[in-house]
Amino acid sequence: MEEKVLSIDSATNELIKKAKEDGVETIFDRKENMKPCPMGEKGICCRICAMGPCRITPKTPRGLCGATADVIVSRNFARMVAGGAAAHSDHGRDIAHVLHMASKDGNYKVTDEVKLMELAKRWKIETEDRDVYDIAHEVAEFALNEFGKPFGTLEFPPSLPEQREKVWKDLNVVPRSIDREVVTIMHSTHVGCTADADSMLNISMRTAISDGWGGSYIATELSDILFGTPVPRETEANLGVLEENQVNIILHGHEPSLSEMIVLAAEDPELLALAKEVGADGINLAGMCCTANEVTMRHGVKIAGNFAQQELAILTGAVEAVIVDVQCIFPALAPLADCYHTKFITTSPKARITGATHIEFDEEKALESAKQIVKEAIFNFKNRKKEKVFIPQTKSHAVVGYSTKAIINQLDKVVNSHIDIAGTVKPLADCITSGVLRGAAGIVGCNNPKVKHDYGHIEMIKELIKNDVIVVTTGCAAQAAAKAGLLSKDARKLAGKGLATVCELVDIPPVLHMGSCVDISRILELVGLVAKHLNVDISELPVVGAAPEWMSEKAVSIGTYVVASGIDTWLGVAPPVTGGPRVLEILTSEMENMVGAKFFVEPDPVKAAHQMIERIEQKRKGLEEKF
Ligand code: SF4
Ligand code: MSK
């Protein structure tokens, strides 16, 4: 029987084959045996109280309490939003705590002072004649207060157009504080509370907005202040970045507070000497999932791969340690690591995994903790079994690190200094209104074995750039693009004439890496600034979003805040809402009347790209009438 090709990435396919030879299982095997529950798939199973679980069927159209399919589906959806918003925002809160402990002589320092001062001014924090760290601590306190302040509403960043804020005010979806919105969902979905799909989705929107324009935004801004605002830099991507003769360490998870310290520890002369002592040529760090994005855009650390490749890194037999913090970590890594010499090291009390080695990362002694973790990897080098090693020779060149500021810097290359001022998004807005660029698309999100690995991302991106739609990308989609060579400036040859010309003039690739999942806030910032420049609402711009291979609750929150921000969003995998006709109607139709955008579900990425282009052209007509 012919083998099913599970990925468009040759390194992935080679290692899936090795897994078979080694007699170990991966997500790709488990997917074959898993038969998803049809009730769960439609979202019509409720286990909110112990009278259930209740399943909606033609014979039982209501749960024991009387909840309808729409009530159950909308509550399940809201809880996914709450889970996603909580994960992103708690990440933001942790970074705020790190900023609060930053000091001149400590491990954590202020790196982007300009950004700190901008934020301090925005939040009306006194900056005159004050020590940078005093200001930083007050900024951190202000940020922490945004999570749980008892009165008022969220402080929006200046990139939010006032037209959009008005839409939210009219719908009563302006978030109060971030934690409060998450708690409100948990309360409202308790048995005997909200039993109205419209209201449930309204609450979901408010919580999602508190993520995108609150918790995630804070995570990005404070990370930039601490670790530096990314600038374009070169890197390489795919499992071929692992080195035969070095101590290979995979950094996997999300929060840069850990990975930044590991990067420092891996440069420590004492540890480098120790690596030599155990017979290695050096220490090779490689990132996975969003940690990869964080460390590649600030340090050029190479990208080992995306979500679906985490087990495959261990399968190479050449990884001394996989160091993880939070989110998107397979529990399967623990038993798999036992089959090889790899140490699977968890570091966060929020993500302990049975079978892993737990070394708690102590932010108070950050570098010391990081060194201890790196030492574990070095000492493990001697246990590597040469006969088990197979590193696929596949890697691609990529340019990463396009923060909003970095994009504006690139745009300055085409500013006519006689007419325009530098440092704005005007050149980008001009390219869009003139039609040289038809529009822009944000392609984000995970891998999901329901979709051929990376196929959804890559086919969609290629189709869009071919049609002069510039693509910005984050998360595991960004890594798929890096592996496929689409983040290289050479990828201009795959772009349409207009986009290729812009890329040439501004010296960028046609697909811009903007960071990790929380950095979708950078996309919101850029889009918001263009809308403000043109004095239109975000929903009037020829801008679309997509998550072709999404899988996490975070992606549900992201999709909801992106749509609530006025950007049409395509999903390659249907969310578990199809059992609620009213919920489906709101998400895929009525939201357009409320927020000027809606969800689309289309598993074929090329078809989806054409639907996106069609919507872009519709929005262009609206803009042309206006200008
Ligand atoms: Fe069943 Fe209602 Fe309890 Fe859900 S909340 S499990 S529908 S009785
Ligand atoms: S890591 S949420 S698999 S993008 Fe942010 Fe990747 Fe999705 Fe996790």
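## Ligand 1

Ligand 1 is surrounded by Cys46, Ile48, Cys49, Met51, Gly52, Cys54, Gly63, Leu64, Cys65, Ala67, Arg75 and Val191. A residue counts as near a molecule or strand if one of its heavy atoms lies within 4 Å of it. By class, the shell around ligand 1 splits into nine nonpolar, two polar and one charged. Here Ala, Val, Leu, Ile, Met, Phe, Trp, Tyr, Cys and Pro are nonpolar, Asp, Glu, Lys and Arg are charged, and the others, Gly among them, are polar.

This is a predicted model, in which local features need pLDDT of at least 70, side-chain atom pairs count only at pLDDT 80 or more, and totals for chains, interfaces and linings use all residues. Residues are numbered from 1 along each chain as its sequence is written, chains are lettered from A and ligands numbered from 1 in the order in which they are written, and side-chain values use heavy atoms, with hydrogens and water left out.

## A cis peptide bond

Gly52, one of the residues around ligand 1, is joined to Pro53 by a cis peptide bond with omega of about 5 degrees. Pro53 sits in the loop between strand 1 (45-46) and strand 2 (54-55). Helices (H or I, at least four residues) and strands (E, at least two) are DSSP runs, numbered from the N terminus. Most peptide bonds are trans.

## Ligand 2

Thirteen residues surround ligand 2; Cys290, Cys328, Cys446, Cys476 and Cys517 come nearest. Helix 12 (289-299) and helix 19 (475-483) are the elements that give two or more residues to this shell. The shell around ligand 2 has eight nonpolar, four polar and one charged residues. Domain 2 (239-388) and domain 3 (402-626) each supply at least three residues to the shell. The domain bounds come from an automatic or database domain assignment.

Helix 12 also holds Cys289. Phi of Cys289 is near 55 degrees, a positive value in a residue other than glycine. Cys289 has a relative accessible area of 1%, so it is buried. Buried means under 20% relative accessible area, exposed over 50%, and partly exposed in between (1.4 Å probe, protein chains only).

## Strand 13 and its surroundings

All five of the five residues of strand 13 (residues 511-515) are buried, so the strand is largely enclosed by the rest of the structure. Strand 13 pairs with strand 12 (residues 469-474) in the parallel sense, over four bridges. Two strands pair if DSSP finds at least two bridges between them. Val472 has Leu512 of strand 13 as its bridge partner.

The loop between helix 20 (497-506) and strand 13 contains Asp507. Phi of Asp507 is near 65 degrees, again a positive value in a residue other than glycine. Asp507 is partly exposed, at 29% relative accessibility.

## Cavities

The structure holds six cavities of 30 Å³ or more. The largest has a volume of about 370 Å³. It is lined by 34 residues, and Ala441, Gly442, Val472, Ile523 and Val527 are the closest to its centre. Helix 21 gives the most to this lining, with six residues. The lining has 30 nonpolar, four polar and no charged residues.

On a 1 Å grid over the protein atoms alone, a cavity is a set of points where a 1.4 Å probe fits but cannot get out; a pocket is an open set with protein on both sides within 12 Å along at least five of seven lines; lining residues have an atom within 4 Å of a point. Grid points are joined across faces, edges and corners, and a volume is the space filled by probe spheres set on the points.

## Pockets

The largest pocket has a volume of about 1200 Å³. Of its 31 lining residues, Met80, Asn448, Lys450, Met551 and Pro576 lie nearest its centre. Helix 4 gives the most to the lining, with four residues. By class, the lining has 17 nonpolar, seven polar and seven charged residues. Domain 1 (69-227) and domain 3 each give at least three residues to this lining.

The second largest pocket has a volume of about 450 Å³. Its lining counts 21 residues, with Lys115, Glu118, Glu221, Thr404 and Glu525 the closest to its centre. Helix 5 gives the most, with five residues. The lining of the second largest pocket divides into six nonpolar, six polar and nine charged. Domain 1 and domain 3 both contribute to the lining, so this pocket lies between them.
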